[in-house]
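Dear colleague,

I am handing over the structure we talked about, with the sequence alongside. Please open both before you read on.

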There are 6 protein chains.
Amino acid sequence: MKMIYSLFLFALLSSISHAFVNDFCVANLNAPDGPSGYECKPPNTVTVDDFVFSGFVAGNTSGIFNAAITPAFVTQLPGVNGLGLSVARLDLAKGGFVPLHSHTASSEILIMVKGEITAGFITPAAAYQKTLKPGDIMVFPQGLLHFQVNSGKGKATAYLAFSNPSPGAQLLDLLLFGNNLPSQLIAQTTLLDYAQVKKLKTRFGGRG
Amino acid sequence: MKMIYSLFLFALLSSISHAFVNDFCVANLNAPDGPSGYECKPPNTVTVDDFVFSGFVAGNTSGIFNAAITPAFVTQLPGVNGLGLSVARLDLAKGGFVPLHSHTASSEILIMVKGEITAGFITPAAAYQKTLKPGDIMVFPQGLLHFQVNSGKGKATAYLAFSNPSPGAQLLDLLLFGNNLPSQLIAQTTLLDYAQVKKLKTRFGGRG
Amino acid sequence: MKMIYSLFLFALLSSISHAFVNDFCVANLNAPDGPSGYECKPPNTVTVDDFVFSGFVAGNTSGIFNAAITPAFVTQLPGVNGLGLSVARLDLAKGGFVPLHSHTASSEILIMVKGEITAGFITPAAAYQKTLKPGDIMVFPQGLLHFQVNSGKGKATAYLAFSNPSPGAQLLDLLLFGNNLPSQLIAQTTLLDYAQVKKLKTRFGGRG
Amino acid sequence: MKMIYSLFLFALLSSISHAFVNDFCVANLNAPDGPSGYECKPPNTVTVDDFVFSGFVAGNTSGIFNAAITPAFVTQLPGVNGLGLSVARLDLAKGGFVPLHSHTASSEILIMVKGEITAGFITPAAAYQKTLKPGDIMVFPQGLLHFQVNSGKGKATAYLAFSNPSPGAQLLDLLLFGNNLPSQLIAQTTLLDYAQVKKLKTRFGGRG
Amino acid sequence: MKMIYSLFLFALLSSISHAFVNDFCVANLNAPDGPSGYECKPPNTVTVDDFVFSGFVAGNTSGIFNAAITPAFVTQLPGVNGLGLSVARLDLAKGGFVPLHSHTASSEILIMVKGEITAGFITPAAAYQKTLKPGDIMVFPQGLLHFQVNSGKGKATAYLAFSNPSPGAQLLDLLLFGNNLPSQLIAQTTLLDYAQVKKLKTRFGGRG
Amino acid sequence: MKMIYSLFLFALLSSISHAFVNDFCVANLNAPDGPSGYECKPPNTVTVDDFVFSGFVAGNTSGIFNAAITPAFVTQLPGVNGLGLSVARLDLAKGGFVPLHSHTASSEILIMVKGEITAGFITPAAAYQKTLKPGDIMVFPQGLLHFQVNSGKGKATAYLAFSNPSPGAQLLDLLLFGNNLPSQLIAQTTLLDYAQVKKLKTRFGGRG
């Protein structure tokens, strides 16, 4: 009986084998990407490890902001290619924070795991801010400038979900002060004092 | 006069030649695919036969389910690449049926051609079922489990339209009983009896 | 035992009841539509008949073109709302044809059922034409001008699938000669002779 | 000086006030939804609490599956409307599991928080399974049947991210055995034994 | 003859009248909007003026930045609803500029009309800057911070095209210094000096 | 201090370097395109000139229609790849015009710069026409047939914005009379007189 079914299935599978194409599209990270993501790896080379990432642990928070972000984007987790979804882990030491930043084409949800974080986002019409504890989550709509500050007495941990497999990160200070545009131009188009711009350019590695 | 126009047209066409790019994007089936489909064949290699499929005839219904599906998906009809559309032909011998299945990213419309088919789909809230005859059509919304049973006294034929050039086919039995996951795990996560799982694994070629 | 399960299920269903929202979105044809389609009918008012259309039969081909199109678009089949899919039936009496037309935001696949149809579409770079018989299908990519002519000796029937629940129909003659724009303007912007425009305006009901 | 700026800003804001419309679109849950989500609440009625959900805590796992899902979908978190993103919390008591299920229009990423979960998904070509511990994440591509089983010695907790603000949940047993379709039809289209269907219909509340 | 055609057309139009629905979807600005835009006005109330905007003229550049933006977004031009497109006019007096800003869900192309503008955008990896004169255009990809400065000796004028009918405008200074978040929080999450924040809050109307 | 920051930033940038991928996707015009556009150029080979086009000047209007279109589509401006946006410049000598045409997958906004243009578009239900002067703009919804005629006493110039980086151009006369389909077929499916078709085929270079 099994043989008969197998033959049947072989025929059935042959006739619909094209159908397997779009069940998933694991990124071939060695090939070029395009507007909708990376090329698909040949399905027969895909393994469960393309869908699993095992380094989703606390990063090193000993840096300047006392913050660490551990991404699980398409580079770490090629199975998310084309799926409009990725995640990251955020660790904040005491006093740590993520400065103002945005994601060009991604919304974000923050899930509080430990400690206390004061988070917010800003629109031209209003600012929305909340102090979050475990059991709280908060959404930051696409493209809006937002921040996360450890407002508790110890470490804080949160998980972040994104609506893009490569959400990017537009860190405002890095944009403003890490580039080589003339400081005078930055001062003019931000209305910041020239001295302020020069000072932060020194800290963020920008020239000009 | 014609020469003048031709010159004019040549100039016009040169200036807008890029514009031809997106009139269509016939799949280059020899190149890798990506999240939005296959690479486009060079337009000058495209012929009318990329847009025509001539094997849209009754398949062999002598198999286990007495059913045959003849697809015209991107593999058979490369002109549908990127267009969000494909079709298939369904033939059911007397007593034939398509077991419960779904399409991961495609809706489906069934057009009755001949005979009588009882079809339905199931949501967590309700089941929607109808006996269809020529003159009837029925839509199965994206991702929902559905079936088609020949409920008439002879052969039945229907045409199927899909909102995806590669709609795939998640045949429930093949998913549940054609894999190599432990039977105990299948039994647990389906709540089916272990003996039932073992029995069908034998029929559908699964191990474990 | 059943009661226990039912209680469990009731709780489970309550907790995920929002989830039912998007299983489908049957059009409320009495409400306004928007860029992505019609509002959803309340799910508890939906019946199987929202997903079934029973008038998919041959239309009257005694008109001018000896052609009849029987649509199953969102108006006839509200279950396709938001699904990017619809179908229609095409009947051509001997000598009948569908004049050149396009669909603003829909591709089309033609499935030959009976007789013989010569069909084609035109791009600025080339025309693609084929004579089709039962067993043949042909795709017309989005937005391109196309035609279908009964080239056989008797009636012809085909089914059409569209990648839009409301594919519209831009019948070229109706656009050019059914409007009230000045005939002189039509003649200028089509390069047709003025007399030709006036003649066809008379036939297609246009004024000016 | 401030007044001057304020006047300037008032003028600027007036001229671009329409621009505020699309910074976000918080769901008006009292209005009908459509294919792309709910109507937007008037921006001046939106508060930070539309973007925060504070009930993201462990659910009651004393039910049949010893599993609890706490959703933060558009119903609980109206700020995710139109953003293609939502999250949920999964708690599994010892021995608990989420039976096979799928989401019609959503991918899913599972973030392990505590304990051990064996998770997997199935395609027609292969099954992908992994035992996950804290530090691991796993993605389940859109529309594929998947399961999560507590394979550890104590409780397990995970967070789930979805690429849809209303991901739904197609629990296989509920689909197969919670409906009122005839048991004979279910048996035929699943190839399960009739007795098996009857047994599970009793447990899942289905009639027929 | 005309009558016959008219009858035919009447029948044809009746049968495909639903098709008119999606030829366009002019915004009903008095109805609520949703994630994909505004409800459509009833087609029979639409006039050519829904597709035309006649106030696309130089704005008043006597304000603080010596800049004026004249938008033609969905509010001014309801015919763009759902079309993914809008435009604006930019006038810069001598010395005028548009400070750093972004659009949450829109790319932008600037067409130089008169004078000289130095424009640029910034990514975390690099800044891209160019001095533009009539005959030049420049694209600013979605979500990226960009600026436009009149670098010429007289007035400058440019037209802007957007890939969103409501592109919004996230003016950085307004975001940072026009809100009521505590100055200390702004200073912390921007790394700006507290005194700098206070100074600009005074100018931009923010409190805290 | 700077070194410390630089180290920090280096680490931060390394951890999120994948994020740069999607800030933009400049077309690699030497690689094949796909349904969503061209492959991305490696970011480190991108320069500001990929985002700037400097040939946006008046074209030669001495041709047949006394019209010139200067496109800035993905071929001229590879930075628009994947962004859903492009522009063109339209120059009309006295008496010049753009004959009826459509864009298969793009809406269009016309910005009047100089002179007077009478423009319009046609749907099956109505024609919408307006005489435009500087200060006026007009939108032509996707897929609809439209025209632009210089109705003034001198030259006319306009800028065009498109919702597609490769909007194409379906010039009606070129479609109807530039192909090699039999004139009899064109006459039949347009209802034009055979002599009219032959006459225009001669002018537009079509054979048959």
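Below I describe what was found, going from a whole chain to one strand and then to one site.

Please keep in mind throughout that this is a predicted model. Chain A has 4 helices and 13 strands, and buried residues make up 62% of the 208 residues in this chain. If you take the contacts in chain A between residues at least 6 apart in sequence, 64% of them join residues at least 24 apart. The area that chain A exposes is about 6800 Å², with carbon and sulfur atoms supplying 56% of it.

For a single strand, I suggest turning to chain C, where strand E12 spans residues 156–162 and has 7 of its 7 residues buried. Both faces of E12(C) are covered, with Ala156(C), Ala158(C), Leu160(C) and Phe162(C) buried on one side and Thr157(C), Tyr159(C) and Ala161(C) buried on the other. Two strands pair with E12(C): strand E5 of chain C (residues 86–92) does so in the antiparallel sense over 7 bridges, while strand E7 of chain C (residues 108–114) also runs antiparallel to E12(C) and is joined to it by 6 bridges. Thr157(C) is a useful place to see this arrangement, as Asp91(C) stands opposite Thr157(C), and Lys114(C) stands opposite Thr157(C) as well.

Back in chain A, an unreviewed UniProt entry places the feature "binding site" at His101(A), His103(A), Glu108(A) and His146(A). These residues are spread over 46 residues of sequence, yet they cluster in space, the largest C-alpha distance being 11.8 Å.

Is His103(A) buried or exposed? His103(A) is found in the loop between strands E6 (97–102) and E7 (108–114) of chain A, and it counts as buried because its relative accessibility is 5%, which is under the 20% cut-off. Leaving aside neighbours within four places in sequence, His103(A) is in contact with several residues, including Gly143(A), His146(A), Phe162(A) and Pro167(A).

Glu108(A) lies in strand E7 of chain A and is likewise buried, with a relative accessible area of 1%. Not counting residues up to four places away in sequence, Glu108(A) touches a number of residues, among them His101(A), His103(A) and His146(A), and also Leu85(D). Finally, the side chains of Glu108(A) and His103(A) are joined by a polar contact of 2.9 Å.

With best wishes

Definitions and conventions
Residues numbered from 1 in each chain as written. Chains lettered and ligands numbered in written order. Predicted model: local features only at pLDDT ≥ 70, side-chain atom pairs only at ≥ 80, totals over all residues. Heavy atoms only, no water. Buried < 20%, exposed > 50% of the residue type's maximum accessible area, 1.4 Å probe, protein only. Contact = heavy atoms within 4.5 Å. Areas by Shrake-Rupley, 256 points an atom, 1.4 Å probe, with all protein chains shown as cover. Pairing = 2+ DSSP bridges. UniProt positions renumbered as here; feature names shortened; annotations may be inferred. Polar contact = N/O pair within 3.5 Å; in protein donor to acceptor, adjacent residues only side chain to side chain.
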